[in-house]
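This report describes selected side-chain interactions and one helix packing. Please consult the sequence and the structure shown here while reading.

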Amino acid sequence: MRLISTNCALMVNYIKGQASLSSFFLFFLTSHPPSERQIVVGICSMMKKSKSKPMTQILERLCKFDYIDVVIFPEEVILDEPVENWPLCDCLISFHSKGFPLDKAVEYAKLRNPLLINDLNMQYFIQDRREVYRILQEEGIDLPRYAVLNRDPNNPEECNLVEGEDHVEVNGEVFPKPFVEKPVCAEDHNVYIYYPTSAGGGSQRLFRKIGSRSSVYSPESSVRKTGSYIYEEFMPTDGTDVKVYTVGPDYAHAEARKSPALDGKVERDSEGKEIRYPVMLTAMEKLVARKVCLAFKQTVCGFDLLRANGHSFVCDVNGFSFVKNSMKYYDDCAKVLGNMVMRELAPQFHIPWSIPMEAEDIPIVPTTSGTMMELRCVIAIIRHGDRTPKQKMKMEVRHPLFFELFEKYGGYKSGKLKLKKPKQLQEVLDIARLLLVELGQHNDCEIEEKKSKLEQLKTVLEMYGHFSGINRKVQLTYLPNGQLKASSEEEDSQKEGPSLLLVLKWGGELTPAGRVQAEELGRAFRCMYPGGQGDYAGFPGCGLLRLHSTYRHDLKIYASDEGRVQMTAAAFAKGLLALEGELTPILVQMVKSANMNGLLDSDSDSLTDCQQKVKARLHEIMQKNQSFTQEDYQKLAPTGSPSLVNSMDLIENPVKTCDKVHALIQSLTSQIRKRLEDPKSADLQLYHSETLELMLQRWSKLERDFRMKSGRYDISKIPDIYDCIKYDTQHNASLGLEDTLELFRLSRALADIVIPQEYGISKAEKLDIAQAYCVPLLKKIQLDLQRTHEDEAVNKLHPLYSRGVMSPGRHVRTRLYFTSESHVHSLLSIFRYGGLLDEEKDQQWKQAMDYLSAVTELNYMTQIVIMLYEDNNKDPSSEERFHVELHFSPGVKGCEDEENVPLGFGFRPASSENQDKQPNQGSLEDLSQDQPDQAIPISEPITIQRRCPMIRNRKTGSMEVLSETSPTQSTKGSSSYRLFPSRQSPEVKPASGLGSLRSGLFSASVLGVSSSAPNLRDYVRTHHHHHRKPPLGWNHRLSSLFSMPAVKRFSVSFARHPTNGFEGCSMVPSIYPLETLHNSLSLKQVDEFLNSVCESSTETHAKTMKALSGLFDSQSQSSLYSPQQPLSSSGSETSLRPPSRPLWCEFINAYIVI
């Protein structure tokens, strides 16, 4: 034993560079008597690999086997000496890397015939991706769909490649963007991912890590023209790659890391190492690992898995590779290799040895403890951010060229066609140009009437100098008998025969301000999540980042097919997950298109019967040239909504108000024309690269369309007028145009009536129209709440490897749905009028309904948030086990909103019972301990140092924190924030100086930390003992507001972020904080409510279930860009049958099993 230990010590010292090779070999050759024959394991690889930390750690452990000695072949011997002079060994661990002479290693193996841990001949195949894919395919292992393009280096042009705007065709196989382009040589790591023009185009260029970069975004969209490549379908993995490491066919270790294609930034820990987390492999993935190991004859083998579409795909096999920085893996690897060597060679050397029998590791099932509720699920429905004004032009077309185009793209199948791709829009432009040339040559009076429309079509399609489906689209609808009635824009006499209704839509792009809003809201959203309160990746207090980076966060982001909605979702994801770089890669990988049977999309041109009747009644009332009568108030505002009544009071006579609005528009267009005549203003650049000429075009069109030839007003144009003036008031105020504020005031009053009432006037109509829009979304929300418990398709942490993660089994499910105004209005109507709670019996719900009635507008970034908690102290069969909260924010602050804003009751108001009971919930000092995943209850008020020297908003109290301390505790000069109605009582006197100055995206909150905030631990240490006495009468006021059971839960709140002006742009409006509508709902209540709403109309329900069944069972439409991605990668979401038992029972069963 002494000889063996000395031998191993010398070997390790040689690895570390502390012993000479000669001393090692001299000792090795003389130290073993023939009776004590050792098994010699030779390590033949480049020095960089053989002296790496993982190899050193594993060899140190391997030396602990009594009969094993290790010899490392020196690099100079490998490179310069003939194989006959190489050291002798009984077992060889040899593997190829850059510069390694694989041919010589093969020659040595033939000469000495050692036991090979990794087959050498197969390593030639591993260096060629074509061979790797061939072998994987032969083994029946799932691969992304791919095609190989072989180019002759002498004639690179002669190849089977056809490149289109948004696809490539390789050997007859078509790959729509996004697709992946890999060099056939596995040593070439320059892998490119090409993005579609609808997502912004360009490509992401991956490379071997350089510092903290692993990829970079490039605007180049054309594929490489030299070299041979594999083209394969892009697999959306939600920004996560899984790397698997085998040690023999029966052992596999898996780690997840951030995909290098996401933003190219390598996440590193405090020691500069790439952050990876071990994850659990499913049974099917373990079988794949076994197949890969055996097929390539590589005992030690690494390969890459992509988890997408509910399946796992192998996309690369790397050959010999070790896990870094895992002591458990080092132990396991040495044990498996040592046992393998002894099993094969011990009998030959007559060494007495048998495989030790060890008990299998007991699987760890983590459980939560404590009295606080655990956040399990967050569901948010969010409207898109600030956009340019939407514009639309309708025209009836009959030319054969339009019918040919309609047929070419399959319009006759459904009678409708949407054209967004550059090639399609180019074809429409070509037709418009051709017809205009014909009109110029032949003065055909019949067609001449449409010349202005064709010119507008041509002008809009020629804008920007390039096409993108994000900012323009053309819709064609087949009309068998021509247009039934003239539109407000076109009052021509009806013609016989079939025609096509062409609707051109442009504008509506997400502005730079909209991107900032979405990104800032994403950052603030992080602070709703508990755990990880320490510093992580430079962001203090961000529990979500820790949850997400440790793969305990099941996140899915969905968006409708509108470009502004998709870009909002991508910008939000960028802020939420602290990503960097361009939005295009984030959009392609993180955002799924929900354009599947109306989940988030709706055809605004196809109104329900109820909606058509509502619009007709609305137009009739708004066309009366007299002051509103009491009867009009009953007709138009039967719900008695204060926002509606106030707007009607302001308008008085709708026609007279429309006259004023039209006159103000005429004044505005006249002012713009004068500016255009002024040489100084001719080339003036407005916000978002708009010109005065383009501004004049949109206002002139509204001027023409608003007042029809009959002299009546087209009420449907009111939202467009308000849209335009809101945009110009915010972004182009520097022009100094007169009367814009008056136009804004009047158009907003009209819009506050028209917009919400288009979704129903009476409660019954609102509910009927809302069901037509969002029953599919409601069913999906119901599933999200039901399926919160983990399943195999989710990345799970391996509890044995997860050091530094206190609760590896905890998962939080987040589902984010980005959509347009129609879905937000509809969903809110469902909650308000669907019968969730009785206002007469529930005081909190009544106050919430009063608050919603006073909200005038669901502005950009409006949010409806549902949060699900679990109370582990409650009996599993109890209704109180699962707890649901409902929150709402009306989104971005509008112009002059400060004075008239309705005041809610704060975010997550606590009950008076909590105050009285005063349970011992722990101390905030716990944050100073390194316990990143413990729930942090709020037991005392915290003074928030407000450092931003800006004027304080009137509504800063909206997210203040309720004091639960004894009223005797106080500290002079400090102020605390309470989760309390925003109106401040006279007793609350803010501290002077910087303490009273704060303005930003969100109201101050107890654990709200912005990206510029100090470290949270230091913050808590500094402020833990600073308290303020609650104002007099507080308990009485709160008791009168809420009467609810005590609920102890995580303190989660929005961060307060300063809103900065975008470069060269107008200031970005801040966003109203979340207001709690209800914080004491049971899951059973919510489930029964959703069931009743969805089933109230059997026809609607049947239609929805049919649509959703196709949505989940089929894997043909899923992600925004991948035709194979299902709605969620979670296997449990593939079935959409209504639960046979109540939803809360499903949860109970899941946890009884655990």
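Which residues form one aromatic cluster? The cluster consists of Phe95, Tyr251, Phe320, Phe322, Tyr329 and Tyr330. The model is a predicted one, in which local features need pLDDT of at least 70 and side-chain atom pairs count only at pLDDT 80 or more, while totals for chains, interfaces and linings use all residues. Residues are numbered from 1 along each chain as its sequence is written, and side-chain values use heavy atoms, with hydrogens and water left out.

**Overall composition**

The protein chain contains 35 helices and 29 strands; these are DSSP runs (helices H or I, at least four residues; strands E, at least two), numbered from the N terminus. Of its 1154 residues, 60% count as buried. Buried denotes under 20% relative accessible area, exposed over 50%, and partly exposed the range in between, with a 1.4 Å probe and protein chains only. Among contacts (heavy atoms within 4.5 Å) between residues at least 6 apart in sequence, 75% join residues at least 24 apart.

**Aromatic pairs**

Rings of Phe, Tyr and Trp (its six-membered ring) pair if their centres lie within 6.5 Å; planes under 30 degrees apart count as stacked, over 60 as edge-to-face and the rest as tilted. By this rule there are 27 aromatic pairs. One of them joins phenylalanine 406 and tyrosine 412 edge-to-face, at 5.0 Å centre to centre and 85 degrees between the planes. Phenylalanine 406 is buried, with a relative accessible area of 0%, whereas tyrosine 412 is partly exposed at 42%.

**Salt bridges**

Side chains of opposite charge can pair when their charged atoms come close. A salt bridge here is a side-chain nitrogen of Lys or Arg within 4 Å of a carboxyl oxygen of Asp or Glu. The search of the whole structure finds 42 salt bridges, including those tabulated below.

| Pair | N to O distance | Relative accessibility |
|---|---|---|
| Lysine 225 and glutamate 163 | 3.1 Å | 47% and 30% |
| Arginine 523 and glutamate 519 | 2.8 Å | 19% and 17% |
| Aspartate 659 and arginine 707 | 3.8 Å | 29% and 37% |

In the salt bridge of lysine 225 with glutamate 163, lysine 225 lies in the loop between strand S12 (213-218) and strand S13 (229-233) and glutamate 163 in strand S6 (residues 161-163), so the pair ties together parts that are 62 residues apart in sequence. Arginine 523 and glutamate 519 are four residues apart in helix H16 (residues 512-525), and therefore about one helical turn separates them. Arginine 523 counts as buried, as does glutamate 519.

Aspartate 659 and arginine 707 form a salt bridge that links distant parts of the chain, 48 residues apart: aspartate 659 is in helix H23 (residues 654-677), and arginine 707 is in the loop between helix H24 (692-706) and helix H25 (718-731). A network of salt bridges links Asp554, Lys556, Arg813 and Arg815.

**Helix packing**

The axes of helix H27 (residues 763-786) and helix H28 (residues 821-833) come within 7 Å and cross at roughly 105 degrees. H27 is thus roughly perpendicular to H28; angles under 35 degrees count as roughly parallel, over 145 as roughly antiparallel, 65 to 115 as roughly perpendicular and the rest as oblique. Axes are lines fitted to C-alpha atoms, for helices over the stretch in contact, and angles run from 0 to 180 degrees between N-to-C directions. Residues making the contact include Leu767, Ala770 and Leu777 of H27 and Leu827, Ile830 and Tyr833 of H28.
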